[in-house]
Amino acid sequence: MKSAAALIVLAACGVPAGNAPAPVREAPPAWQARPAGGTHAIDPGVRADHDLLDARGCASCHAAIVDEWSKSRHALAWTNGIFQREYSARPQAWCVNCHAPLATQQTNLDGTHAAQGVDCATCHVRAGKLVSAQRGATSPHDTIADASFGTPAFCADCHQFTFPVLDEHGAATAMTRHPMQTTVASFAAGPFARERDGCMTCHGSKHGHAFAGAHDRSMREAAVEVTWCRRDGSLDVRVENAAAGHSVPTGDIHRHMYLRVWRSSAPEAMFQAFFGRRFEPAADGGKHTVWDSTIAPGDTKRFDIGVASLRGDDDEPVNLELVYVFIENEFPRGQAVPERIDPTASIVRRRTSVTELASCAAR
Ligand code: HEC
Ligand code: HEC
Ligand code: HEC
Ligand code: HEC
Ligand code: HEC
């Protein structure tokens, strides 16, 4: 169960449940219950033609929220090209439980309801009622007010799970114990775990529903801080996870970054570091992590790069780039890449000669 899973996460990371940022329950509240790992669709408790299921209908009173949500990755969860590129190559029923999660969406995956992806009802409707952290004084809704709404344990329903065991239709028959997405666990183990507003500390927005992440340039650029200086014959390059509450990158297994340092005349001598995860098949049907160089919140990765190793002329400028890659391979040759998807984004690009670089001793 979701809250139980969140409890295990917190306990395993050594964060006492009493210090958790939000109430974590022994058993999930009845309104949000579905087993951990997206093994089942979410049941909103109303028929497919009910008013509560159509985000467009909410716009007459919540226009700003609907507008903000409609530009979010949540609204694009089913239709976006990066997802569809992977899903259409191998359509598996399990994927749908988080990308068009409502049972009422799944009866017609080509319909307008499915196209709303993670929509208002996905988060806010259970057992035929609206759910929220509190009920406003002027609210016309018969709302279930529950303080655990919007807490990290709530987000964990989709943002914390292990590899599944899938049957021939791609439906999950069981979950393994091998982590697949660990955003909430890396948050719970880190310095932001006690923030009162949990994930919303940084993912809150003007109207609360933008949920900007790695696809948002300013979030991406805020997340990591790259510094470099020279010491004797070396460059000291540091990549710090300065502003994310969880590891960077996080989320989908394919997300990764490269740090590259090189001189244009000598690309063959380029220094490169990889930040991401690699997996190998495990005996129980999932995959276990064999490499994890993602950067935990607050952590810094340090690289000592001999200037001579970069070759080129002494006075030739050195280039530095930190690239974020959204898919498994930044050069997606041989596979159809839908329009509107950009497989990579540059986070930092610099170019300077070694002599102009600050000395590390001066810092
Ligand atoms: C990913 C989950 C999620 C989705 C999708 C979502 N919401 Fe919310 N909503 C939240 C959270 C989290 C809060 C803040 C709860 C709190 O702590 O008060 C919230 C709060 C609200 C509130 C309370 C007022 C406010 O601004 O805080 C309204 C109204 C609301 N949402 C409407 C909507 C509508 C309409 C949609 C669809 C366009 C929608 N929500 C989609 C998670 C979601
Ligand atoms: C007729 C206008 C109207 C419509 C349509 C409407 N709402 Fe609301 N809603 C309100 C008002 C008014 C509030 C109270 C706002 C406040 O006090 O800040 C509210 C509050 C909420 C809250 C916070 C909990 C609460 O009860 O105060 C949520 C969540 C919410 N609405 C979601 C939705 C969703 C989802 C839809 C579409 C399915 C929707 N609303 C359609 C008027 C409406
Ligand atoms: C019902 C499932 C579900 C719930 C609940 C949910 N999310 Fe999401 N979220 C998703 C999916 C699926 C995506 C990816 C959409 C895509 O890009 O394909 C996503 C994307 C995001 C992104 C954007 C990532 C990016 O790459 O830019 C952020 C940030 C985010 N969610 C935060 C939250 C937070 C915070 C909560 C809890 C308040 C939450 N989500 C609750 C399913 C969910
Ligand atoms: C201290 C601020 C902070 C907190 C707290 C935080 N995030 Fe983030 N998050 C960020 C930043 C900055 C990014 C953009 C950088 C990146 O993509 O890693 C991000 C990116 C994301 C993404 C994009 C996926 C990806 O691959 O990067 C998701 C999903 C996400 N956050 C979910 C969550 C959830 C769920 C929580 C709560 C458990 C949470 N965040 C708490 C700052 C925060
Ligand atoms: C338990 C929930 C869950 C299931 C099941 C799930 N995903 Fe996701 N998926 C997410 C969340 C949450 C994100 C957002 C994290 C991020 O932005 O990296 C995401 C992001 C993605 C992305 C990156 C989208 C983007 O905008 O960059 C792809 C691609 C993707 N999922 C493919 C799949 C496929 C294919 C399956 C089935 C094999 C699947 N997902 C099953 C929750 C899920």
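Me: Which residues touch the most other members of the largest nonpolar core?
Reply: This is a predicted model, in which local features need pLDDT of at least 70, side-chain atom pairs count only at pLDDT 80 or more, and totals for chains, interfaces and linings use all residues. Residues are numbered from 1 along each chain as its sequence is written, while chains are lettered from A and ligands numbered from 1 in the order in which they are written. The largest nonpolar core (buried Ala, Val, Leu, Ile, Met, Phe, Trp, Tyr and Cys residues joined through C-beta atoms within 7 Å) holds 31 residues. Those with the most other members in touch are V224, V237, V261 and L322.

Me: Where does this core lie with respect to domain 1 and domain 2?
Reply: The elements that give it two or more residues are α4 (81-89), β6 (224-231), β7 (234-241), β8 (256-262) and β13 (318-325); helices (H or I, at least four residues) and strands (E, at least two) are DSSP runs numbered from the N terminus. Domain 1 (2-203) and domain 2 (217-362), with bounds from an automatic or database domain assignment, both contribute residues to this core, so it lies between them.

Me: How many residues are in the second core?
Reply: This second core is separate, and C98, F154, V184 and A193 are among its members. Its total number of residues is 13.

Me: What share of the protein chain counts as buried?
Reply: A residue is buried if 20 or more other C-beta atoms, placed from the backbone, lie within 10 Å of its own, exposed if 12 or fewer, and partly exposed in between. The protein chain has 363 residues, with twelve helices and 14 strands. The share of residues counted as buried is 33%.

Me: What share of contacts between residues at least 6 apart in sequence joins residues at least 24 apart?
Reply: Two residues are in contact if their C-beta atoms, placed from the backbone, lie within 7 Å. V261 shows who can meet: leaving out residues up to four places away in sequence, it touches L235, V237, F271, I305, L310, V318 and L320. For the protein chain, the share asked for is 66%.

Me: Which helix gives the most to the shell around ligand 4?
Reply: Of the 28 residues around ligand 4 (C-beta atom, placed from the backbone, within 6 Å), C199, C202, G213, A214 and G245 come nearest. Both domain 1 and domain 2 supply at least three residues of this shell. At least two each come from α9 (152-159), α10 (183-188), α11 (200-203) and α12 (217-223). With four residues, the top giver is α12.

Me: How many charged residues are in the shell around ligand 2?
Reply: Ligand 2 is surrounded by 18 residues, with C58, C61, G136, S139 and T143 closest. The shell has seven nonpolar and ten polar residues; Ala, Val, Leu, Ile, Met, Phe, Trp, Tyr, Cys and Pro count as nonpolar, Asp, Glu, Lys and Arg as charged, and the others, Gly among them, as polar. The number of charged residues is one.

Me: Which helix supplies the largest share of the shell around ligand 5?
Reply: Among the 24 residues surrounding ligand 5, the closest are G38, C95, C98, G251 and D252. Helices α4, α5 (93-99) and α9 each add at least two residues. The largest share, five residues, belongs to α5.

Me: Which residue in the turn between β4 and β5 has a positive phi?
Reply: β4 (160-166) and β5 (172-182) pair in the antiparallel sense over six bridges, where pairing takes at least two DSSP bridges. L166 stands opposite A172. Five residues separate the strands of this hairpin, and the one with a positive phi, about 80°, is G170.
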